[in-house]
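Me: Let's go through this model by question and answer. Keep it brisk.

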Amino acid sequence: MQKPSVHSHLLENPVRITGEDKNLDFTAAKELAKAKARTLCTDPMLLSWYSGLTGESHPTTECGRSDKPPWIVYAEARGGDLTVEVNDGEWIFVFLRTEVLSAQVQGTRFKGSES
């Protein structure tokens, strides 16, 4: 299988996980990512996602800057601070944390975003 095209150069400190099933569909990958996110905060809110396999993402609406994909711009604008990368970038999910459970966990930031 060819390595997916990932926007990893735009992501800083993503949480990387690998699923036992190497052929995850969107629903399975999302549930895996959300389960991991729930270990880091009480109720993560999914803001955006990207498929490194197909290039599909959500949301797709351009909302400002053109130097980053819309799904990243959207998540940044809404405070996305937790990125979960599944199976080496086959899937990427950006969440908004609520009530961080561990003081040791650092928030994910996007390169070039304001803190």
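Me: How much area does the protein chain expose, and what share of it do carbon and sulfur atoms supply?
Reply: This is a predicted model, so the areas are computed from predicted coordinates. The protein chain exposes about 6600 Å². The share from carbon and sulfur atoms is 47%.

Me: What percentage of the residues of the protein chain count as buried?
Reply: A residue counts as buried under 20% relative accessible area. The protein chain has 115 residues. The part of them that counts as buried is 43%.

Me: In what order do the elements run from the N terminus on?
Reply: The protein chain has two helices and seven strands. Read from the N terminus, the order is β-β-α-β-β-α-β-β-β.

Me: Which strands are the edge strands of the open sheet of five strands?
Reply: The sheet has the order 2-5-6-3-4, with mixed pairing. An edge strand pairs on one side only. That description fits strand 2 and strand 4 (57-58).

Me: Do strand 2 and strand 5 run parallel or antiparallel, and which residue of strand 5 stands opposite I17?
Reply: Three bridges join strand 2 (residues 15-17) to strand 5, and the two run parallel. V15 stands opposite V84 in strand 5. I17 stands opposite V86.

Me: What is the bridge partner of E85 in strand 6?
Reply: Five bridges join strand 5 to strand 6, and these strands run antiparallel. E85 has its partner in strand 6, and that residue is I92.

Me: Which residue in the turn of the hairpin has a positive phi?
Reply: Strand 5 and strand 6 form the hairpin, with four residues between them. The positive phi is about 50°, and it belongs to N87.

Me: How many of the residues of strand 5 are buried?
Reply: Both faces of strand 5 are covered. On one side L82, V84 and V86 are buried; on the other, T83 and E85 are. For strand 5 (residues 82-86), the count is five of five.

Me: At about what angle does helix 1 run to strand 6?
Reply: Helix 1 (residues 26-38) lies across strand 2, strand 3, strand 5 and strand 6. Its angle to strand 6 is about 45°.

Me: About what angle does the direction of helix 2 make with that of strand 3?
Reply: Helix 2 (residues 70-77) packs on the sheet. It touches strand 3, strand 4 and strand 6. With the direction of strand 3, it makes an angle of about 165°.

Me: Why is the pair of W49 and W91 tilted?
Reply: The structure holds six aromatic pairs. In the pair of W49 and W91, the ring centres are 6.2 Å apart and the planes stand at 50°. Planes under 30 degrees apart count as stacked and over 60 as edge-to-face. The angle of 50° falls in neither class, so the pair is tilted.

Me: How many residues apart are W49 and W91?
Reply: W49 is in strand 3 (residues 45-51) and W91 is in strand 6 (residues 91-96). The pair links distant parts of the chain, and the separation is 42 residues.

Me: Is W49 buried or exposed?
Reply: Buried means under 20% relative accessible area. The value for W49 is 12%. Its partner W91 has 8% and is buried. W49, too, counts as buried.

Me: Which residues form one aromatic cluster?
Reply: The tilted pair W49 and W91 belongs to it. The full cluster is F26, W49, W91 and F93.

Me: Over the ring of which residue does the charged end of R78 sit?
Reply: The charged end of R78 is 3.7 Å from the ring centre. The ring belongs to Y74.

How values were computed
Residues are numbered from 1 along each chain as its sequence is written. This is a predicted model: local features need pLDDT of at least 70, side-chain atom pairs count only at pLDDT 80 or more; totals for chains, interfaces and linings use all residues. Side-chain values use heavy atoms; hydrogens and water are left out. Rings of Phe, Tyr and Trp (its six-membered ring) pair if their centres lie within 6.5 Å; planes under 30 degrees apart count as stacked, over 60 as edge-to-face and the rest as tilted. Buried means under 20% relative accessible area, exposed over 50%, partly exposed in between (1.4 Å probe, protein chains only). A charge sits over a ring if NZ of Lys or CZ of Arg is within 6 Å of the ring centre and within 35 degrees of the ring normal. Two strands pair if DSSP finds at least two bridges between them. Contact means heavy atoms within 4.5 Å. Axes are lines fitted to C-alpha atoms, for helices over the stretch in contact, and angles run from 0 to 180 degrees between N-to-C directions. Accessible areas come from the Shrake-Rupley method with a 1.4 Å probe; for residues, only the protein chains shown count as cover.
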